[in-house]
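Here are a few notes to help you find your way around this one. Have the structure open while you read.

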Amino acid sequence: MSSFKEFLQEQLLDPEFAEAYDQIDKEMDFALALAQRREELGLTQQSLAGLTGIRQPMIARIEGGQMP
């Protein structure tokens with residue numbers, strides 16, 4: 001049985017898959033960076049919502065990887 005990394009490498013040979021994977025990878029990088037920076041600043045999702053005008057449930061979705 002091949003490992004997930006091997007499977008992924010095979011799938012990435014397909015240009016359509018590679019493009020979709022790249023987009024998702026960027027979105028997840030953003031989500032993780034947002035959550036990390038918010039925590040570094042000592043902000044809650046609610047306080048970030050107040051500063052940005054973005055509602056807290058949307059911030060939670062973004063941090064969870066569900067990009068609007």
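1. Start with burial: of the 68 residues in the protein chain, 16% count as buried. Keep in mind that this is a predicted model.

2. The fold is quick to list. The protein chain has 4 helices and 0 strands, so if you walk along from the N terminus you read α-α-α-α.

3. Now the overall shape. The radius of gyration of the protein chain is 16 Å, while a compact globule of 68 residues would have one near 11 Å. Along the principal axes, the C-alpha atoms fill a box of roughly 45 × 20 × 15 Å.

4. What about contacts along the sequence? Take those in the protein chain with a separation of 6 or more: 35% of them are between residues 24 or more positions apart.

5. On the outside, the accessible surface of the protein chain is about 5400 Å², and carbon and sulfur atoms make up 57% of that. As for charge, there are 12 negative and 6 positive side chains, with the centres of the two sets 13 Å apart.

6. Helix H4 (residues 56-63) deserves a look. Which of its residues are buried? They are Ile59, Ile62 and Glu63. Viewed down the axis of H4, these buried residues fall within an arc of 95 degrees, so they line one face of the helix. That fits the general pattern: an α-helix has 3.6 residues a turn, so residues three or four places apart point the same way.

7. And what covers that face? The cover over the buried residues of H4 includes helix H2 (15-40) and helix H3 (45-52). After H4 comes Gly65, with a positive phi near 90 degrees.

Definitions and conventions:
Residues numbered from 1 in each chain as written. Predicted model: local features only at pLDDT ≥ 70, side-chain atom pairs only at ≥ 80, totals over all residues. Heavy atoms only, no water. Helix = DSSP H or I, 4+ residues; strand = E, 2+ residues; numbered from the N terminus. Rg over C-alpha atoms; globule rule 2.2 N^0.38 Å. Buried < 20%, exposed > 50% of the residue type's maximum accessible area, 1.4 Å probe, protein only. Contact = heavy atoms within 4.5 Å. Areas by Shrake-Rupley, 256 points an atom, 1.4 Å probe, with all protein chains shown as cover. Lys, Arg positive; Asp, Glu negative; His and termini not counted. Charge placed at Lys NZ, Arg CZ, Asp CG, Glu CD. Arc of directions from axis to C-beta.
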